[in-house]
Amino acid sequence: MTNMRRWEIDAIGLDHLQLRDRPIPTPGKGEILVRAAAVALNYRDKMVVESGRGLPLRFPFTPGSDLAGEVVALGEETSRFAVGEWVVSTPTPDWIDGLRPGTARTPAYQTLGGFYPGVLAEYVAMPELWFVKAPASLEPWQAATLPVAGLTAWSALVEGAGVRAGDTVLIPSTGGVALFGLQIAKASGAEVIVCGQPGTGARVRALGADHFVDTDAEDWMETVYRITGDRGADIVLEVIGGAHLGKSVELAAVGGHVCQIGALDGFEFSSPAMPLMLKNITIHGIGTGSRRGLERLVRAVDRAGIRPVVDARYPLAELPAAFEHLARGPFGKVVIDMMQ
């Protein structure tokens, strides 16, 4: 076989998505060839196709950043992996460890499926430094969810806010990052409060949530205060953004941490000043994480038995339908099975 299928756009817009036949790439110096088994979708992938998000896309452009697959060929001067090993992609390839690259004027945003070409292809040839070993305990369709959703939750809770046993963690969502956060927090010994839509309570409790709060109720914030005895949450995973940041600040404990992750309600964040200042709250800006952070997450997944929550799986040819599912707000992740 010499050809493969790959999703591409030649211009901005979902109506420009096309599944095309392309030659299977040959890995160059320092590269590996990976046969994709699964690609997990993020809302950002849909936004990049729809609007470009101001990124320097080079057409034809392939979206997607979260891949799990098997190494099938090695380029010259490679040493990290052997043929037959299973790997997952790193969403921000230039971020190896420590602080994210970039400057005050220009913070780095060089990601797969944005600045770099994406992974919605049956084969990808990319630098070996852009991959880590996949968890031994997960199937590929589960492992593919780690690079963005899993790593973002890990970076927020463990590497940012330093979650500890006995902490109270508030999670105001049931999306992919949120449900990873729930499982990571429980594995760390924290008490977890999840806020979500009616009908999701039983599902989050089954994943280990100690409390569920219906966000359709007018007094949902009062419910959180009541659960915590007015103390508030030590850590809040703010995955919504916009004015919702202010609610997280109000619900955070004195000395608490708010991890700002999402922007579903807008990129202009707002908060009342007095609780922010009087409670000495730390706000962490979280944008995925480093390659070493992903390696640490992989070890934690294997040792703690964390199982990613996947709401739906679609074959490669049904990417538009998968994007529609993503827009409806899944419970957990949406995954593309690349080998169907």
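1. Let's start with a pair of helices. Helix 3 and helix 9 are roughly perpendicular to each other, because angles from 65 to 115 degrees count as roughly perpendicular and these two pack at an angle of about 90 degrees. Helix 3 covers residues 146-160, helix 9 covers residues 291-304, and their axes are 9 Å apart. Please keep in mind as you read on that this is a predicted model.

2. Which residues bring helix 3 and helix 9 into contact? From helix 3 come Leu 146, Pro 147, Gly 150, Leu 151, Trp 154 and Glu 159. On the helix 9 side they meet Gly 293, Leu 294, Arg 296, Leu 297, Val 298, Ala 300 and Val 301. Sorted by class, this contact holds 9 nonpolar, 2 polar and 2 charged residues.

3. Now compare a second pair. Helix 6 (residues 220-227) packs with helix 7 (residues 244-251) at an angle of about 25 degrees, and 11 Å lies between their axes. Angles under 35 degrees count as roughly parallel, and helix 6 and helix 7 are therefore roughly parallel to each other. The crossing of helix 6 past helix 7 is right-handed.

4. Here is the contact in that second pair. Helix 6 offers Trp 220, Met 221, Val 224 and Tyr 225, while helix 7 offers His 244, Lys 247, Glu 250 and Leu 251. These residues divide into 5 nonpolar, 1 polar and 2 charged.

5. Next, a look inside. The largest nonpolar core has 47 residues. Those touching the most other members are Leu 146, Leu 157, Val 169, Ile 171, Leu 182, Val 204 and Leu 297. You have met two of these names already: Leu 146 of helix 3 and Leu 297 of helix 9 are also part of the contact between those helices. Several elements give two or more residues to this core, among them helix 3, helix 9, strand 3 (31-41), helix 4 (176-187) and strand 11 (233-238). There is also a second, separate core of 40 residues, which includes Leu 17, Phe 61, Leu 316 and Ile 336.

6. Leu 157 is a good residue to click on in the largest core. What does Leu 157 contact once neighbours within four places in sequence are left aside? The list is Gly 162, Val 163, Val 169, Gly 181, Ile 184, Ala 185, Ile 235 and Leu 237.

7. Strand 7 (residues 131-133) lets you compare two residues. Is Phe 131 buried or exposed? Phe 131, which sits in strand 7, counts as buried at 0% relative accessibility. Leaving out residues up to four places away in sequence, Phe 131 touches Ile 32, Val 34, Leu 67, Arg 80, Phe 81, Val 87, Val 88, Ser 89, Thr 90, Val 124, Met 126 and Arg 291. Ala 252 is 121 residues from Phe 131 in sequence, and their C-alpha atoms are 36 Å apart in space.

8. Lys 133 is in strand 7 too, but this residue is partly exposed, with a relative accessible area of 47%. Beyond its neighbours within four places in sequence, Lys 133 is in contact with Arg 80, Phe 81, Glu 85, Trp 86, Val 87, Val 88 and Val 298. Lys 133 and Arg 296 are 163 residues apart along the chain, yet 11 Å separates their C-alpha atoms.

9. The loops deserve a visit as well. Thr 200 lies in the loop between strand 9 and helix 5 (201-206). Thr 200 has a relative accessible area of 12% and is buried, because buried means under 20%. Apart from neighbours within four places in sequence, the contacts of Thr 200 are Thr 174, Phe 212 and Phe 331.

10. Finally, some backbone details to look up. Phe 59 and Pro 60 are joined by a cis peptide bond, with omega about -5 degrees; Pro 60 lies in the loop between helix 1 (43-51) and strand 4 (66-74). Which way does phi go at Asn 280, positive or negative? Asn 280 is not a glycine, although its phi is positive, about 55 degrees. This residue is in the loop between helix 8 (273-278) and strand 13 (282-285), and Asn 280 is exposed, with a relative accessible area of 59%. Thr 288, also not a glycine, has a positive phi of about 50 degrees. Thr 288 is in the loop between strand 13 and helix 9, but this threonine is buried, at 16% relative accessible area.

Terms used: Residues are numbered from 1 along each chain as its sequence is written. This is a predicted model: local features need pLDDT of at least 70, side-chain atom pairs count only at pLDDT 80 or more; totals for chains, interfaces and linings use all residues. Side-chain values use heavy atoms; hydrogens and water are left out. Axes are lines fitted to C-alpha atoms, for helices over the stretch in contact, and angles run from 0 to 180 degrees between N-to-C directions. Helices (H or I, at least four residues) and strands (E, at least two) are DSSP runs, numbered from the N terminus. Angles under 35 degrees count as roughly parallel, over 145 as roughly antiparallel, 65 to 115 as roughly perpendicular and the rest as oblique. A crossing is left-handed if the near helix is turned anticlockwise from the far one by less than a right angle, and right-handed if clockwise. Contact means heavy atoms within 4.5 Å. Ala, Val, Leu, Ile, Met, Phe, Trp, Tyr, Cys and Pro count as nonpolar, Asp, Glu, Lys and Arg as charged, and the others, Gly among them, as polar. A nonpolar core is a set of buried Ala, Val, Leu, Ile, Met, Phe, Trp, Tyr and Cys residues joined through side-chain atoms within 4.5 Å. Buried means under 20% relative accessible area, exposed over 50%, partly exposed in between (1.4 Å probe, protein chains only).
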